[in-house]
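Let's take a walk through this one, strands first and surface after. Have the sequence and the 3D view open as you read.

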Amino acid sequence: FVWSGSEEIAELVDDIEEERLRFKWEDADDDDEYFEVRLNRSPVTGETILEITDFCDDDEVDDQTQLWQSQIARLRQETGG
């Protein structure tokens, strides 16, 4: 994965078709840390829901939140959403 010129290497550890992808970061401090992308459908509205789980240190929460907000905004722009 490459964000703003910074590269992170991850291994795909779980792939459930049309549900989720889970990766483990190569340089993770803890074996239980992972990065996951899930797609769900709202039973009420029928809309597709994108859920991202990414572990980070306490002092990185704001930076990670900003990163994912910018990435989701870019995804919306690219997909017309």
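A quick yardstick before we start: a residue is called buried under 20% relative accessible area, exposed over 50%, and partly exposed in between. By that scale E26 is exposed, because its relative accessible area is 62%. Keep in mind that this is a predicted model.

## The strands

Start with β3 (residues 10–16) and β4 (residues 20–25), which run antiparallel and are joined by 6 bridges. If you want a spot to fix your eye on, take L12, whose bridge partner in β4 is F23. The hairpin of these two strands has 3 residues between them, and in that hairpin E18 takes a positive phi near 60°.

On we go to β5 (residues 35–41), which pairs with β4 in the antiparallel sense over 4 bridges. F23 turns up again here, with F35 as its bridge partner in β5. So F23 has a bridge partner in β3's L12 and another in β5's F35.

## Salt bridges around R20 and E36

How many salt bridges are there in the model? The count comes to 5. As a general point, side chains of opposite charge can pair when their charged atoms come close.

Take D14 and R20: they form a salt bridge with the closest N and O atoms 2.2 Å apart. D14 counts as partly exposed, at 21% relative accessibility, while R20 is buried, with a relative accessible area of 15%. R20 also meets E36 in a salt bridge, this time at 3.8 Å from N to O. E36 lies in strand β5 and R20 in strand β4, so the pair ties together parts that are 16 residues apart in sequence.

E36 is itself buried, at just 3% relative accessible area. Its side chain meets R22 in a salt bridge as well, at 2.6 Å from N to O. Here R22 sits in strand β4 and E36 in strand β5, so this pair links parts 14 residues apart in sequence. R22 counts as partly exposed, with 21% relative accessibility. Put the shared partners together and you get one network joining D14, E19, R20, R22, E36 and R38.

## Charge on the surface

Now back to E26, which is found in the loop between β4 and β5. Which residues join E26 in the negative surface patch? They are D27, D29, D30, D31, D32, D57, D58, D59, E60, D62 and D63. Residues need over 30% relative accessible area and no salt bridge to be in a patch, and E26 clears that area cut-off at 62%.

## A nonpolar patch

There's a nonpolar surface patch too, of about 240 Å², made by L39, L50 and L75. Where does L75 lie? It belongs to helix α1 (residues 61–79). Is L75 buried or partly exposed? Partly exposed, because its relative accessible area is 43%.

Terms used:
Residues numbered from 1 in each chain as written. Predicted model: local features only at pLDDT ≥ 70, side-chain atom pairs only at ≥ 80, totals over all residues. Heavy atoms only, no water. Patch = residues over 30% accessible without salt bridge, like charges linked within 9 Å, V, L, I, M, F, W, Y side chains within 5 Å. Areas by Shrake-Rupley, 256 points an atom, 1.4 Å probe, with all protein chains shown as cover. Salt bridge = Lys/Arg side-chain N within 4 Å of Asp/Glu carboxyl O. Lys, Arg positive; Asp, Glu negative; His and termini not counted. Charge placed at Lys NZ, Arg CZ, Asp CG, Glu CD. Buried < 20%, exposed > 50% of the residue type's maximum accessible area, 1.4 Å probe, protein only.
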